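User: Please take a close look at a single helix in this model. Tell me what covers it and how it sits in the chain.

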Amino acid sequence: NDLVTPFFVVFVSEFVPQDVEVGSFDVSQLSREQCELVEADSFWCVSALLDSIHDNYTFAQPGIQRKVLQLRHLMSRVDRPLHMHLESNGIEYLQFSFRWMNNLLMREIPLRATIRLWDTYLSEPNGFSQFHSYVCAAFLRTWSRQLQAERDFQVSLSPYSEKSELIIYSSIIFINDLLLGIMILLQNLPTQCWGDREICELTADAFSLMSVFDGARRHLSSTTDI
């Protein structure tokens, strides 16, 4: 359902009056013929999209597993301080980037920004299958400074511990001091106001990464821990 939304919105917008927001438009106002056109176009686009990343959604999702590993190795080269910070705090790339790969950043940025980003993907020969990995790397290092200012917050409480109350009290102070843990920040990145400008900057950075690394994919295929 997530992946069809950008296409659906684009095709529905053809029939929405100019003075009406697409998000508030009542699709029941569409004629049967218009509904069938939107459905057919959306289905065709989603089918073409899934054909290009089908291994993301097969058993064990090998496509996503591979892209997450590529992202980890890429970050170890383009932003090693951030990479080491995540590693030293026990943050696994799979914990946060699985959703980035599975939903193609749809849940990380507003719909208007998603449509703009996917427009770029569609203009690339392997936009969804390859370029997306570089976009994720550019997206992650966009928040490098904020993430490196955070520490992960993990507290293990035993119901039989005599120090439970003290741990809870200390934990509350710890949270207030740190404001946000790494994982909380990664899952709630402040992109609510993102639009064309931010996506242009993001894709420009991703293109620069791809121009350096895409011709040397052995850099991204190593299985050796960094």
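Analyst: The buried residues of H7 include a run of neighbours: His 132, Ser 133, Tyr 134, Val 135, Cys 136, Ala 137, Ala 138, Phe 139 and Leu 140. Gly 127, Phe 128 and Phe 131 are also buried. Buried means under 20% relative accessible area, exposed means over 50%, and partly exposed lies in between (1.4 Å probe, protein chains only). Overall, 12 of the 16 residues of H7 are buried, so the helix is mostly covered.

The model is predicted: local features need pLDDT of at least 70, side-chain atom pairs count only at pLDDT 80 or more, and totals for chains, interfaces and linings use all residues. Residues are numbered from 1 along each chain as its sequence is written, and side-chain values use heavy atoms, with hydrogens and water left out.

H7 spans residues 127-142 and bends by about 30° at Ser 133. That bend is the angle between axes fitted to the seven residues ending there and the seven starting there. Ser 133 is itself buried.

Now the setting. The chain has 12 helices and zero strands. Helices (H or I, at least four residues) and strands (E, at least two) are DSSP runs, numbered from the N terminus. Of the 226 residues in the chain, 40% count as buried. Contacts with a separation of 6 or more are 76% between residues 24 or more positions apart; contact means heavy atoms within 4.5 Å.

Helix H6 (residues 111-123) holds Thr 114. Thr 114 is buried, at a relative accessible area of 1%. Leaving out residues up to four places away in sequence, Thr 114 touches Pro 6, Leu 105, Met 106 and Ile 109.
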